[in-house]
Amino acid sequence: MTNLNLSFYRLAKPTPKSQRDLSSAYKKARAPHCIANHTNTRDTVLSLEFGVEESEGRMMEVNMYVALLLSLVSFVTISLFSMVYKHLSHFRGNNLPPGRFGLPFIGETLHFLRSGWNGHPEKFIFDRISAYSSQVFKTSIMAEPIAVFCGAPGNKFLFSNENKLVTAWWPDSINKVFPSSLQTSSKEEAKKMRKMLPNFLKPEALQRYIGMMDEIAQRHFAMSWENKDEVVVFPLAKRFTFWLACRVFVSIQDPDHVAKFANPFNDIASGIFSVPIDLPGTPLNKAKHAANFIRKELRAIIKQRKLDLAEGRASATQDILSHMLLATDEDGKHMNEMDIADKILGLLIGGHDTASAACTFIVKYLYELPDVYEGVYKEQMEIAKSKAPGELLNWDDLQKMRYSWNVACEVLRLAPPLQGAFREALNDFIFNGFSIPKGWKIYWSAHSTHRSAEYFPEPEKFDPSRYDGNGPAPYTFVPFGGGPRMCPGKEYARLEILVFMHNLVKRFKWENLIPDEKIVVDPMPMPAKGLPVRLFPHKA
């Protein structure tokens with residue numbers, strides 16, 4: 001019996017033979033000579049029956065799991081096929097520009113990013129212009145079909161057809177960091193901002209801020225540059241431009257209060273153009289947490305400002321925050337607090353990040369080009385000597401800084417903080433004889449004109465005289481974009497850059513501590529080590 005019992009347990013499924021054995025065993029158990037052992041025999045038979053039933057149950061369970069697994073595999077396969085088919089369908093069309101899309105989903109994204117990480121973002125553009133002998137080519141970046149428009153004709157076409165044939169497009173990471181409380185897209189929010197900003201950021205309105213900018217610059221240099229042998233320029237330039245943005249936009253001028261926002265803003269700047277993967281520790285996740293922290297702080301500032309405006313302790317024109325709180329839309333409605341917090345957050349980022357990169361490269365080039373430094377120094381010292389003790393810079397002083405601004409423009413040509421921008425095709429259209437399908441993304445690159453000998457002879461040469469007279473031809477010098485979407489803060493950036501240059505060169509000469517320091521573009525250009533310099537104060 002024992003051996004028979006074990007043999008049944010080894011079976012995966014009962015066979016006819018095993019069933020006959022079971023029947024035989026049962027009959028023997030009922031025989032008279034087995035009556036004495038009837039109880040033990042019955043238990044053994046029941047055990048055998050249970051073993052058979054258990055084996056059948058296990059097989060049914062295995063079959064069920066196999067069926068579920070096959071269903072899951074089929075579903076995943078069909079979904080992947082559908083996703084790939086849908087993805088590839090966006091890349092099809094007749095008479096498309098020359099070029100290649102690269103690998104599915106990945107495309108040429110790594111080539112595009114690597115050229116920036118290596119400090120030469122223009123290489124991606126010019127290699128393909130040369131390979132395809134065309135000023136427009138196709139590629140794939142961030143899993144999107146992209147048409148890259150190059151040269152002044154490409155810039156003119158895009159800037160002239162804003163909201164007609166093309167509209168602004170940003171990666172998903174932007175909308176994840178800046179969700180609107182009205183659930184509108186970042187494109188819609190940007191349109192609202194562009195209607196609101198011109199009156200506040202036009203030259204006439206900014207004139208009253210020049211003295212304040214100079215005062216903050218003096219405090220900044222006294223705290224962070226003077227009495228120091230060596231400094232790292234890029235973080236100090238960011239500190240200065242962020243301090244200014246906080247003061248101009250929300251009237252925060254206490255350095256300790258400004259410093260409280262500094263690290264969260266760095267996280268946001270690192271995450272808004274990152275891979276849109278929202279997992280703990282990723283740049284996007286850090287940016288979202290940082291943005292939420294700053295929104296909370298801004299809402300407290302907004303609530304206090306409302307009280308101050310109601311009680312006459314704040315002015316309606318003192319900064320853009322007051323302007324937003326009092327502004328109404330077409331229906332006479334005021335913006336809610338979350339909308340205002342999001343818009344101020346965006347302004348604080350845009351108001352300091354690009355200018356800090358420009359200031360850093362001005363320091364770099366002024367050391368590398370002593371003759372250029374001497375020209376800037378001479379101009380700035382003439383202005384400084386014309387001022388009474390303690391007198392701050394004014395609008396007329398900045399209009400005299402023509403050579404200094406030419407130098408700044410040449411820096412912006414060679415190291416533009418804005419490398420380019422994306423658009424989305426609203427309809428099918430033809431450009432340069434090629435079809436651009438609706439929904440395709442379009443990229444324009446500042447380098448396609450800034451580094452082109454066709455528009456700037458000897459493009460690698462630093463030459464401030466390019467901006468004398470009428471300056472560069474239209475649509476060739478585009479550090480601030482162009483058309484309806486030209487950066488509304490262009491004049492604000494000009495003022496803060498010139499105030500920085502004035503306070504820098506009247507105090508110091510310097511030398512770069514890392515000759516030929518590597519430049520990284522991600523997404524803005526910056527020296528890999530932040531541009532450390534040794535300072536040499538001018539003798540009184």
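Buried means under 20% relative accessible area, exposed over 50%, and partly exposed in between. The exercises below apply this scale to a predicted model.

**Exercise 1.** Determine whether arginine 100 and glutamate 108 are buried, partly exposed or exposed, and state how their side chains meet.

*Solution.* Step 1: glutamate 108 has a relative accessible area of 2%. The limit for a buried residue is under 20%, therefore glutamate 108 is buried. Step 2: arginine 100 has 44% relative accessibility, so this residue counts as partly exposed. Step 3: the two side chains meet in a salt bridge, with 3.2 Å from N to O. In general, side chains of opposite charge can pair when their charged atoms come close.

**Exercise 2.** Describe the salt bridge between aspartate 127 and lysine 123, and place both residues in the secondary structure.

*Solution.* Step 1: the closest N and O atoms of this pair are 2.8 Å apart. Step 2: both residues belong to helix H5, which covers residues 122-132. Four residues, about one turn of the helix, lie between their positions in the count along the chain. Step 3: aspartate 127 has 38% relative accessibility and counts as partly exposed. Lysine 123, at 47%, also counts as partly exposed.

**Exercise 3.** Carry out the corresponding analysis for arginine 494 and glutamate 491.

*Solution.* Step 1: a salt bridge joins the two residues, and their closest N and O atoms are 2.8 Å apart. Step 2: both are in helix H21 (residues 490-505); because they are three residues apart there, about one helical turn separates them. Step 3: arginine 494 and glutamate 491 are both buried. Elsewhere, Arg299, Lys303, Lys306 and Glu337 are joined into one network by salt bridges that share partners. The whole structure contains 27 salt bridges.

**Exercise 4.** Locate glutamine 380, and state whether it is buried or exposed and which residues it contacts.

*Solution.* Step 1: glutamine 380 lies in helix H17, residues 370-385. Step 2: its relative accessibility is 0%, so glutamine 380 counts as buried. Step 3: with neighbours within four places in sequence left aside, glutamine 380 is in contact with Met401, Ser404, His502 and Val505.

**Exercise 5.** Place phenylalanine 112 in its helix and relate this residue to phenylalanine 124.

*Solution.* Step 1: helix H4, residues 109-117, holds phenylalanine 112. Step 2: phenylalanine 124 is twelve residues away along the chain, and the C-alpha atoms of the two are separated by 6.0 Å. Step 3: leaving aside neighbours within four places in sequence, phenylalanine 112 contacts Phe124, Ile141 and Tyr443.

Methods:
Residues are numbered from 1 along each chain as its sequence is written. This is a predicted model: local features need pLDDT of at least 70, side-chain atom pairs count only at pLDDT 80 or more; totals for chains, interfaces and linings use all residues. Side-chain values use heavy atoms; hydrogens and water are left out. Helices (H or I, at least four residues) and strands (E, at least two) are DSSP runs, numbered from the N terminus. Buried means under 20% relative accessible area, exposed over 50%, partly exposed in between (1.4 Å probe, protein chains only). Contact means heavy atoms within 4.5 Å. A salt bridge is a side-chain nitrogen of Lys or Arg within 4 Å of a carboxyl oxygen of Asp or Glu.
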